[in-house]
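Let's take a friendly walk through a protein structure together. Have the picture open as you read, and look for each part as it comes up.

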Amino acid sequence: MRSVARKRKEKKIFRLPEEILNVPKIEMLGNKELIIDGCKGVVEYGENLIKLNTGELVMSIEGDELLIKSFDSEIAVISGIFAVITFVS
Amino acid sequence: MLIIELIRYFFGYINFRASGGFADRFLNLCTKDGIPLWNIKNVNGNISASTTIDGYLSIRRPAKKSGMRVVHTEKKGLIFLLKKYKRRIGLVVGVLLSSIIIFTLTQFVWSVSVVGNVSIDDDYLLSQFETYGIKVGVKISDLDLENAEITALRDNEKLSWAKINKKGTVLVIEVREKTDAPEMYDNSKPTNLVASDDGLILSIDVLYGNEEVKPGSAVVKGDLLVSGIISHADGTQTAIHADGYVKALVKKQKECRSSSFSIFNIEEDKKRESIFFFGIKIPLGTAVPQNYFTSHKSFVRNEEMLLPLGIITEYGCKFSKEQMILNHETQKKISLFNSALFTKELLESCEIKKSCVEEKIENDEIKFIFYAECEQEIGVLQEIYVEKTNDIA
């Protein structure tokens, strides 16, 4: 936490972008597609639920026909019909 | 996305199913090991996904660690397709050969057509552009379209615009023809109206100027009909542009004779066919005589254009010219025919009021003299040359 606080301070001083704060960059196309830049891994993977580790937060996606279209060390692309998206810190 | 799918298809990929164990751990371990995964789906606790060939080969470790059992369900991609048909050499050779042929043929011009021309003939324009290198069979990379367009406009005065559009292997020459400016009636120059022929004046209708002859008077060629010099009461004169319509009865005469006639004796008559393929003409026989020559082209055609494949048929004949003495009956027929031609020519410019044909025989030669009395417009403009001087006494 100390590290994050220091980064926040540095960001404020140097006006650096949010990405350095270990937060994901999320792009959403309606409720059909989700692009998460900064995904650290999968926490839980079920038929109607995907939980992703995004650094500070755990992102939970609930819905139908969930499909991980692409998955690598940085970016995850998820498609389906999303019903609920929650963040747990 | 399409490009990515194409690349995946080109290099090949494997669809697999993983069951049992921990799916989330399996995915994380795969990512850690750099195994690319896509289209991951969880159906009743079983994971189905796709990966590359290399990825599938190194998937055993993450599968073992996460307690999952991996089974491949489908192999997809060009590499597997080629492997499947590896023993069918003919098929591979055929694909390669057809690819080479298609690639080679698409390097050349297949068809050249002209659009936008109204009065200029298609063949004339095509042959003109052919001299600039725009023809069937030319290598596309050797084409200099801009230069051809400029040269065509420079050489052909009837064209106002030309553009060569290249659509793959097809060239379409688009042209626009020049519209000639209408001839302007110049009434600024002072003129007289004079007779163009001998005749008897029937009517005179003056637009500008002074009438110099009356209906019923006889005139000879060059006589003044309407004067452009106007005299004023103070003794001065003004030169104007005289004009009007003068109709006169004019006598016409033409002598038609034909004692001998040229005939052509055909000595050799030959036909030759040539195969035309991409601008190359392969003759099937020896050359044809060129005294009289004509050719007919017949090309293979699809729904859209003429293909650069066809047969050119050439006809040629060699002949000699010979003078033939005609008998009286034939001479008569030919002379009468010539008289009829003369009548037709007259009818284009005047109205024939009276005509007759006189037959005469001189030195065993029949001649026909055609006489006609025609009503004709005989007024022609003759410029008055006025010298400008500044000395006013």
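Let's begin with what surrounds one helix in this predicted model. The buried residues of helix H2 of chain B are covered by parts of both chains: the cover includes strands S3 (41-45) and S5 of chain A, together with S1 (13-19), S2, S3 (46-52) and helix H4 (60-66) of chain B. Which residues of H2(B) are buried? They are B:Ala23, B:Asp24, B:Phe26, B:Leu27, B:Asn28, B:Leu29, B:Cys30 and B:Thr31. Because eight of the ten residues of H2(B) are buried, this helix is largely enclosed by the rest of the structure.

Now to the place where the chains touch. Here 13 residues of chain B are in contact with 14 residues of chain A. On the chain B side, helix H2 (23-32) and strand S2 (37-43) each supply at least two residues. The largest share, seven residues, comes from S2(B). Sorted by character, the residues on this side of chain B are seven nonpolar, four polar and two charged.

Strand S2(B) also pairs with strand S5 (residues 58-71) of chain A, in the antiparallel sense and over four bridges. To find this pairing in the picture, look for A:Ile68, which stands opposite B:Ile40 in S2(B).

Next, a look at backbone angles. Three residues of chain B with a positive phi are set out below.

| Residue | Phi | Place |
|---|---|---|
| B:Gly34 | about 75 degrees | just after H2(B) |
| B:Asn39 | near 50 degrees | strand S2 of chain B |
| B:Asn44 | about 50 degrees | loop between S2 and S3 of chain B |

B:Asn39 and B:Asn44 take a positive phi without being glycine. Are they buried or exposed? B:Asn39 is partly exposed, because 16 other C-beta atoms lie within 10 Å. B:Asn44 has 6 other C-beta atoms within 10 Å, so it counts as exposed.

Finally, move further along chain B. Five strands form an open sheet there, in the order S11-S9-S15-S21-S20, with antiparallel pairing. Strands S11 (218-219) and S20 (351-362) stand at the edges with a single partner strand each, so one side of each has no neighbour in the sheet. S20(B) is joined to strand S21 (residues 365-377) of chain B by eleven bridges, and the two run antiparallel. In this pair, B:Lys360 stands opposite B:Lys367 in S21(B). Helix H9 (residues 328-347) of chain B lies across S15 (243-257), S20 and S21, and runs at about 10 degrees to S21(B).

Note on methods. Residues numbered from 1 in each chain as written. Chains lettered and ligands numbered in written order. Predicted model: local features only at pLDDT ≥ 70, side-chain atom pairs only at ≥ 80, totals over all residues. Contact = placed C-beta atoms within 7 Å. Nonpolar A, V, L, I, M, F, W, Y, C, P; charged D, E, K, R; others polar. Pairing = 2+ DSSP bridges. Buried ≥ 20, exposed ≤ 12 C-beta atoms within 10 Å, placed from the backbone. Axes fitted to C-alpha atoms, helices over the stretch in contact; angles between N-to-C directions.
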